[in-house]
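Please open the model in your viewer and keep the selection panel at hand. The stops below go from a single chain to the pair.

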Protein chains: 2
Amino acid sequence: MKVVVTGGTGMIGRKLISSLLATPELTDRDGNKSEVTSITAFDVMPPDPPLPDDDRLSVVTGEISDTGAIASLIGDDTDAVFHLAAVVSAQAEEDFDLGMRVNLDGTRIILERCRALDHAPRVVYASSVAAFGGEMPDVINDTVTPNPQTTYGVTKVIGEYLIDDYSRKGFIDGRALRLPTIVVRPGRPNKAASTWASSIMREPLAGHSAVCPVTEESKMWMLSPRRVVEAFRHAQVLDSDAWGPHRVVNLPGITGSVTESLQALSRAGGNSARALVSFEHDPFIQDIVDGWANTFVTPRGDAMGFTADADLDEIVSVFLEDDLEGQHAYYE
Amino acid sequence: MKVVVTGGTGMIGRKLISSLLATPELTDRDGNKSEVTSITAFDVMPPDPPLPDDDRLSVVTGEISDTGAIASLIGDDTDAVFHLAAVVSAQAEEDFDLGMRVNLDGTRIILERCRALDHAPRVVYASSVAAFGGEMPDVINDTVTPNPQTTYGVTKVIGEYLIDDYSRKGFIDGRALRLPTIVVRPGRPNKAASTWASSIMREPLAGHSAVCPVTEESKMWMLSPRRVVEAFRHAQVLDSDAWGPHRVVNLPGITGSVTESLQALSRAGGNSARALVSFEHDPFIQDIVDGWANTFVTPRGDAMGFTADADLDEIVSVFLEDDLEGQHAYYE
């Protein structure tokens, strides 16, 4: 079966592709287990560093808002689409038009292309806990109404409603995951307002200094890259019945404060690693982060079989095992 | 001040315009009471019957998805926009592309045009209780998550999120009303799945037979045309602070069953009127209606000063007072 990954050269996209190459099994259009024989990574930028050299993998560079490019990308032979391409939070806040074009128009173009196929492909969509904001309870359960306070969050929630409606109409078989903040992200800092949550662990563990722009009490709802890749795969193979009519789920995660993150950092990297983190307050970032939900209960996601990391130490371990070695390349 | 009403030749648009001509006062871009000196009614069809002959009123015919037409319609002199234009529920269910183009693309074009102005105009947006559906509590309160089960409802909810985000960014000063089913609608039946709720009262009161496609137990959340016009005006003049950061409200209304509607009909028109209603079950309509929320508590709307009709007898009285005379024209 053929798989398309939009945002395929991004951090999650790369890891998902590597996972699919190593364990090439998903569910095809007929609901049967099937071997992944072809993966197309679509992104606006060529992969840097390169993706694995593998005959099953091809890379296509283009704009998600380019209808013609998407028509070439997704065809009748496409069984599954992982739609990860998006402009992230701080960037969409700075450039409203870009956020709307990529996150809203781009998603609509993907969905319209899938609708035009001779079958209803499984589409797994990356949404976000940025769906929540404003006045909200201390603990978010599965019934809390999305109330995003960023254009990024708004476009993500709109995408969820489109995924639901396209699925209800039988145009696609959609599944949307509200992702926690993914920690520890390898690579360079990005323009997400949450990027510091990874930086304060990643950089010191790789021997480099990091600046934390928010207070020690600031909390995030977190999931490791390894678990989020598992979640995307699990979302794809779950039966439609397991989703029911509502195709959105809050993923399980763990709540971690800056203080707790730095404690886990000290346990893994010692006082020398901890000493590499300094604080430099950024009210713009603090405001965005304060507006995000950081504590959830996720009975729906739990019942569907999605799983979180055990604790912050596991999150650090995943980085040490999966990414620390490659991380050094970013400083060469 | 200049006012634009999209969907201005529709039922609510006509009544809103008549009300504004009779009592030409709204709130201008600076938050001050101001005289309405110019109203432009925009719609896809010319008004039939004609709108009042008044120097302050002009009619523009065009497509809401025509960016050029909207650029001519809304300008730097526009203080307020009432955005009512939409493809209704059953029609959008039958023609997905039309529903998306008018309700989603059209709303985005209106919002983008308002954003391009030299000021942030007040935009009052017609949303709908069709926002709610699927699994939901017996009584909808202000915290229930929208879960629309029609493309119409999905596009309306997406519009709400856009109204919120454009307001948060300061591009507009937006206000969105989730309208109950408006009963008794004058004129001809339309393609809304709710049209029967008006027909079973309107037609017999005008001496004509009507067919009810749903069971006697079927309930609707209702508001009279007079109250909904009051709601649009009230939404426009309320201070931004009264709305707060969330620019959406569930309007107060009343719950009425088919049985209760027919009882109110009998009280107003006697047994001869009641005898003009027959039942002819339509499972397509019944399914849509069963999926709608019919019972609400609306503390937010109540606190903001929105009001419902006292009972079904008042709803019937409004029709007799405002519309019965004109209704006869539809049968000539």
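The tour begins with the conventions, then turns to chain A, the symmetry and the interface.

This is a predicted model, in which local features need pLDDT of at least 70 and side-chain atom pairs count only at pLDDT 80 or more, while totals for chains, interfaces and linings use all residues. Residues are numbered from 1 along each chain as its sequence is written, and chains are lettered from A and ligands numbered from 1 in the order in which they are written.

Select chain A and colour it by secondary structure, which comes to 13 helices and 14 strands (DSSP runs, with helices being H or I of at least four residues and strands E of at least two, numbered from the N terminus). Along the principal axes, the C-alpha atoms of chain A fill a box of roughly 60 × 45 × 40 Å. Of its 332 residues, 52% count as buried, that is, with 20 or more other C-beta atoms, placed from the backbone, within 10 Å of their own.

Next, show both chains: a turn of 180° with a shift of 0.0 Å along the axis lays chain B on chain A with an RMSD of 0.0 Å, superposed by least squares on the C-alpha atoms of residues with pLDDT of at least 70 in both. That is the relation of a two-fold axis. To find the axis from chain B, centre on T145(B), whose C-alpha comes closest among the residues of that chain, at 2.3 Å.

Finally, select the interface, where 16 residues of chain B are in contact with 16 residues of chain A (C-beta atoms, placed from the backbone, within 7 Å). Helix α5 (residues 151-168) of chain B gives the most to that chain's side, with seven residues.

Terms used:
A residue is buried if 20 or more other C-beta atoms lie within 10 Å of its own, exposed if 12 or fewer, and partly exposed in between; C-beta atoms are placed from the backbone. Two residues are in contact if their C-beta atoms, placed from the backbone, lie within 7 Å.
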